[in-house]
Every structure is written in C-alpha cells, then in structure tokens.
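Biologist: I keep tripping over the labels people put on models like this one. Could you take me through a few of them?

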Amino acid sequence: MPCLPTAGAVMTALISARGITVRHGGNVVLQNVDISLTAGEIVTIVGPNGSGKSTLLRVLIGALKPSRGQVTRTAGLRIGYVPQKLHIDPTMPVTVRRFLDLPNRVSDAAATDALLAAGAPDLGSRQMTQLSGGQFQRVLLARAILEKPHILMLDEATQGLDQPGSARFYQQIDHVRRDLNCAVLMVSHELHVVMSASDRVICLNGHVCCEGTPDVVSAAPAYRELFGTGTGGALALYRHEHDHHHHDHEAAD
Amino acid sequence: MLDDFMIRATLAALGTAMATGLLGCFVVWRRMAYFGDATAHAAILGVAVALMFGWSIIAGVGLVALGMALLIYGLTGRGHAVDTILGVLAHGALALGLVAVTLIPGQRINLDAYLFGDVLTVSRLDLAVIWGGAAVVSLVMWRRWTGLLTATISPDLAYAAGLDPRREQLILTLLMAAVVAVAIKVVGALLITALLIIPAAAARGLARTPEQMAGFAMVIGGLSALGGLRLSIWFNTPVGPTIVVVAVGLFALGAVAGKLRAISR
C-alpha cells in the first residue's frame with residue numbers, strides 16, 4: 001500500500017510500524033499492518049467495530065506486543081495518549097489538578113494553561129469521578145498535551161459526547177495541534193467530521209484496506225464496501241463541504 | 001525501654017499499621033483484597049515449612065508468602081479470570097499449612113499465634129523485622145509513588161508515558177509479601193487483609209487526593225493499633241482481632257460522618 005506524501009510535511013517518520021500482526025487467542029486481530037506518522041500530519045484510522053483500530057493504537061503506544069512486526073520510534077518520542085475510556089475506581093480520590101500531575105509533576109501555571117487549551121478551565125479542584133463525560137475527555141486531553149507530545153493519539157475520544165459536544169472537542173484538538181505543532185493520530189467512527197480534517201485516512205479492517213487523502217479513500221471501492229450503505233448521509237455531508245467534483249459512482253439519493 | 005512488653009507491642013502494632021495503611025490504599029484501588037488473602041494465608045504454610053526445616057519462622061513465612069505472591073503475579077499476566085484461582089490458592093495454602101503443621105513430629109506449636117497474631121510476645125528481633133520491613137515498604141512506595149499511581153489509574157496511560165505497569169505490579173506484589181511477613185506477628189494471617197483494607201476504606205471519605213488517603217489510612221491504622229491494644233488489655237481480648245474491631249469502628253464512624261456531611265450540604 002503506497003504512502004501518499006503530504007504537502008509540506010517532513011518525511012522522516014516519528015513512529016512507524018511494519019508488518020504488525022496481532023493474534024488474540026485463535027483470532028488474527030491485525031494482519032501485516034504498516035503505518036507511519038510524520039511530524040505535524042493528521043492521520044485518521046477508520047474501520048468498523050472489531051477492525052483492530054484500538055489494538056493498533058495500543059501496539060503503537062507500547063501497551064501490546066505484536067505477534068509479528070516491529071514498531072520504530074524516533075529517540076525521545078513523546079506520545080500524548082487519550083484513551084477511549086478511562087475508568088477511575090471510585091475508591092480513589094483524585095482531583096483534576098492531581099490527575100494532571102501524572103506521570104510527571106507540572107506547575108500550576110502549566111496545568112491551568114492545559115485545562116484552558118483543552119476547553120476545561122476551572123475544573124482543577126473537582127474530583128475526577130464527578131466529571132461529566134465531556135469534561136472527563138477534556139481533562140484527558142489536557143493531561144495528554146501537558147507532556148508537549150510530538151504525537152497526540154486519540155482513541156474514539158468523543159465517544160459518549162453528543163454531536164455539538166464532539167464537534168467542539170475536535171475544534172479543541174485542532175487548536176491544540178496548531179499550538180503544539182504535533183502530529184495527530186486518531187481513531188474514529190465519525191467519518192465526516194474526522195475525515196474532512198485529516199491529511200491522510202487509513203481504512204482498517206484487520207488489514208489496511210485502503211489509505212490516502214480523504215477523497216481518495218472515500219472513493220475507494222474497499223472503503224465503500226465497508227461504509228457505503230450505512231453512512232451515505234455522512235459521506236454526502238463530507239462531499240458537500242469539501243469535494244465539488246462529481247463522481248460517476250455518486251449515489252443520487 | 002524495650003524491656004517493657006507493652007512498649008514493644010505498641011511499637012510493633014504502630015509499625016505494622018504504617019505499612020498496611022500505605023500499601024492498603026493500593027490494595028483497595030486495585031481490588032487486590034483476594035490477592036492479599038492468598039498471600040497472607042500462604043504464611044501459615046510458611047510456618048509449617050519453617051518448622052519442618054528448622055528455619056526461623058519469619059524466614060519461612062517470608063519465603064512462602066513471596067512464592068505465593070510471585071505465583072499470583074505470573075497468573076495475572078496471562079489474562080485469566082484469576083478470582084477463582086486466587087480462591088483456590090488462598091484456601092488451599094491455608095488448609096495445607098494447617099494440616100502440615102500437625103504432621104510435623106515432636107512439634108506442639110500454638111498455631112493461634114500465627115492465625116490471630118500474638119503481639120504481646122514480640123521480641124526485639126521481631127520488632128527489628130517489623131520496623132525494618134515497614135521502612136523498606138514506605139521507602140519503596142515513596143520513591144515509586146507516581147509510577148505506581150499512574151499504572152493503577154490506567155496501565156495504558158503508563159505505557160504511553162514510557163512506564164512499565166507490569167513492573168509496578170511486580171513491585172506491589174513483592175511489597176505485599178513483605179507486609180505479610182511484617183504483620184503476621186501482630187494481627188495474624190487471617191486478619192492481615194483486614195488491616196490492609198479497612199483503614200484505607202475508612203480514609204476514602206476524608207481524602208481529596210491519593211496522598212491524603214494514604215496519610216489518613218496510616219493515621220487510622222495507627223489509631224486502631226493503639227486503641228485495640230489498650231482495649232484488649234482492659235477487656236482481656238485477643239489483640240489482633242481487637243485492633244481490627246477498632247478499625248471497623250473508625251470506618252463506621254467515618255461513613256456516618258460522610259453521610260451527615262453530604263446531607264448538611
């Protein structure tokens with residue numbers, strides 16, 4: 001699968017994975033997946049449930065050892081990871097401010113800035129277990145950007161948010177990315193939102209089905225096979241906003 | 001000063017409460033209660049092993065508790081549902097230990113001391129082991145606090161930050177074995193888990209941060225130790241269980257206070 005160059009990006013990979021295969025029990029979750037990320041680019045992984053999206057992210061952050069394949073990182077790479085879900089046991093008292101000190105202590109000023117940048121100011125003294133879903137995700141984002149990451153990795157970060165909420169969340173990520181000038185790798189099912197903002201889209205279903213710029217991927221037969229029927233509306237919206245060419249395979253509904 | 005058995009008992013109980021209060025927070029946060037039980041029950045098997053080979057009791061207890069802790073650590077790494085296995089190991093080790101002790105020829109040992117503790121007979125050596133162990137546990141936890149905490153809140157966050165949560169888990173495993181060796185003389189194998197869980201649970205409602213909870217748990221553990229010791233002298237009750245009863249009383253007090261505070265808000 002060719003990697004399409006992105007305009008203006010430095011082409012040395014921050015992180016690259018080659019031939020990643022993950023077996024879980026008898027099942028092959030990922031098969032021979034290649035992925036690499038260069039500085040500043042936004043890459044989105046789309047795919048149906050169970051397609052191995054989260055597994056791939058966990059391989060990249062080092063939480064999961066692939067059965068085969070290799071992950072290479074540039075020396076001193078910092079990853080800001082925003083997990084899909086994070087359950088804090090109710091037996092653990094922890095304020096938002098204290099949470100931001102994990103894994104490294106940060107100054108109060110830096111913590112305040114990060115909360116502001118993530119769109120969650122004034123939450124510092126609240127208990128993590130008392131936050132709403134949206135607030136919680138923003139605090140996770142604030143914690144991730146405190147490390148001044150080279151790559152921000154978000155795993156279905158807007159799960160549990162309503163549509164306006166997730167739209168605001170993606171705006172926040174866009175601001176953060178411009179401030180930090182970091183690469184963003186996200187997993188999402190909200191195709192129209194994430195694809196329009198991406199430099200590159202990787203369509204995953206156990207293996208890489210197709211890969212390229214958003215319009216290339218959304219026109220690819222493999223992608224349409226996976227998402228074609230269920231997301232006609234989303235694709236139409238995407239096309240409406242960003243693609244003014246008419247394609248012969250476009251549905252007329 | 002250490003010639004007085006009451007002073008030795010007080011110091012032993014305080015040292016134990018410090019170690020269990022601190023480690024107990026992680027036992028509560030990570031839901032390791034059964035793990036604590038299995039490690040503590042293995043101590044009885046350790047007593048039997050020590051008698052059989054003529055080792056010192058503390059060495060036998062420490063080694064077998066360590067072996068059990070490492071065994072459980074190995075099992076949890078494979079994604080098994082370990083609850084049942086832990087139950088088998090916990091009660092298997094206890095039963096095997098009880099049987100083994102009676103099979104040793106020529107030994108008529110009072111097993112109650114190891115099941116329920118016997119703090120009034122602590123020697124200077126016991127005291128050295130208890131405070132040495134408590135100091136090691138506190139020092140290790142103080143040095144690795146952030147890593148332990150991050151790995152406890154989310155292993156994936158720890159991995160992404162370049163930490164190894166499995167290593168943090170191994171450290172907690174080793175500390176658990178150390179705490180069992182420290183606490184067996186004071187509360188006995190059957191009630192070690194109580195001293196891990198109850199002070200930490202009582203501290204939960206008072207604390208806003210993990211550090212506060214650890215501090216309160218140590219204080220509550222210490223108060224339970226002092227109060228339990230005093231009450232056991234007055235009422236001539238066994239010390240270990242009395243300490244736990246006081247801890248439960250403090251827990252109940254804390255729970256009621258928390259409810260009242262919630263209502264008055």
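Modeller: Sure, starting with "contact": two residues are in contact if their C-beta atoms, placed from the backbone, lie within 7 Å. By that rule, and leaving aside neighbours within four places in sequence, Val61(B) is in contact with Ala43(B), Gly46(B), Val47(B), Ala50(B), Val180(B), Ala181(B) and Ile184(B). One caveat: this is a predicted model, where local features need pLDDT of at least 70 and side-chain atom pairs count only at pLDDT 80 or more, while totals for chains, interfaces and linings use all residues. Residues are numbered from 1 along each chain as its sequence is written, with chains lettered from A and ligands numbered from 1 in the order in which they are written.

Biologist: What makes H2(B) and H4(B) roughly parallel to each other?

Modeller: Helices are DSSP runs of H or I with at least four residues, strands are E runs of at least two, and both are numbered from the N terminus. Axes are lines fitted to C-alpha atoms, for helices over the stretch in contact, and angles run from 0 to 180 degrees between N-to-C directions. Helix H2 (residues 33–53) and helix H4 (residues 82–103) of chain B cross at roughly 25°, their axes coming within 8 Å. Angles under 35 degrees count as roughly parallel, over 145 as roughly antiparallel, 65 to 115 as roughly perpendicular and the rest as oblique. H2(B) and H4(B) are therefore roughly parallel.

Biologist: And why are H6(B) and H9(B) called roughly antiparallel?

Modeller: The axes of helix H6 (residues 124–143) and helix H9 (residues 165–187) of chain B cross at roughly 155° and come within 9 Å. H6(B) and H9(B) are therefore roughly antiparallel. By class, their contact has 13 nonpolar, one polar and two charged residues. Nonpolar covers Ala, Val, Leu, Ile, Met, Phe, Trp, Tyr, Cys and Pro; charged covers Asp, Glu, Lys and Arg; the others, Gly among them, are polar.

Biologist: How many residues does each chain bring to the contact between chain A and chain B?

Modeller: Chain A gives 18 residues and chain B gives 23. On the chain A side, helix H1 (53–61) and strand S5 (79–82) each supply at least two. That side divides into twelve nonpolar, three polar and three charged residues.

Biologist: How much of chain A is buried?

Modeller: Buried residues make up 42% of its 253 residues. The cut-off is 20 or more other C-beta atoms within 10 Å of a residue's own (12 or fewer is exposed, in between is partly exposed). Chain A has nine helices and nine strands.
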